[in-house]
Amino acid sequence: MRINCPLCGERDRREFYYMGAADYLDRPAEGDLDGIHKYLHIRENPAGVTRDLWHHEAGCSSWLVIERNTSTHEIHSVTLASEVAK
């Protein structure tokens, strides 16, 4: 699988580290215990299109949000996480 890093260009998947669903960017409010529990412990494992958080650890160290199909490994988009979190 090849990932097109917005800063470095196309790179092999082995340069990146998968961190999980991009839901990690949507933190619950302080004091929302149920929201914090779900944020930390409850994860889905869908087949199909997902938004994932990846770290380019062997490259520019950027955090990326990658939309991809988990069934086909087709990548639909790659965006810097700093731009998504705005």
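**Exercise 1.** How many disulfides does the count come to in this predicted model?

*Solution.*
Step 1. Recall the bond: a disulfide is a covalent bond between the sulfur atoms of two cysteines.
Step 2. Fix the cut-off: the two sulfur atoms must lie within 2.5 Å.
Step 3. Check Cys-5. Its closest cysteine sulfur is in Cys-60, 3.7 Å away, and that is too far for a bond.
Step 4. Check Cys-60. The nearest cysteine sulfur belongs to Cys-8, at 3.6 Å, and Cys-60 is in no disulfide.
Step 5. Read off the result: the count is 0 disulfides.

**Exercise 2.** Classify Cys-5 and Cys-60 as buried, partly exposed or exposed.

*Solution.*
Step 1. Buried means under 20% relative accessible area, and exposed means over 50%.
Step 2. Cys-5 has 2% relative accessibility, so Cys-5 is buried.
Step 3. Cys-60 has 29%, so Cys-60 is partly exposed.

**Exercise 3.** Describe the surroundings of Arg-68.

*Solution.*
Step 1. Locate Arg-68: strand β5, residues 63–69.
Step 2. Test burial. The relative accessible area is 11%, so Arg-68 is buried.
Step 3. Look for a polar partner. The side chains of Arg-68 and Asp-52 make a polar contact at 2.7 Å.
Step 4. Look past the neighbours within four places in sequence. Arg-68 contacts residues including Tyr-18, Gly-48, Trp-54 and His-76.

**Exercise 4.** Where does Gly-48 lie, and is Gly-48 buried or exposed?

*Solution.*
Step 1. Gly-48 sits in the loop between α1 (33–41) and β4 (49–55).
Step 2. Its relative accessible area is 15%, so Gly-48 is buried.
Step 3. Beyond four places in sequence, Gly-48 touches Arg-68, Asn-69, Thr-70 and Ser-71.

Notes:
Residues are numbered from 1 along each chain as its sequence is written. This is a predicted model: local features need pLDDT of at least 70, side-chain atom pairs count only at pLDDT 80 or more; totals for chains, interfaces and linings use all residues. Side-chain values use heavy atoms; hydrogens and water are left out. Helices (H or I, at least four residues) and strands (E, at least two) are DSSP runs, numbered from the N terminus. Buried means under 20% relative accessible area, exposed over 50%, partly exposed in between (1.4 Å probe, protein chains only). A polar contact is a pair of N or O atoms within 3.5 Å; within protein, one must be able to donate a hydrogen and the other to accept it, and residues adjacent in sequence count only if both atoms are side-chain atoms. Contact means heavy atoms within 4.5 Å.
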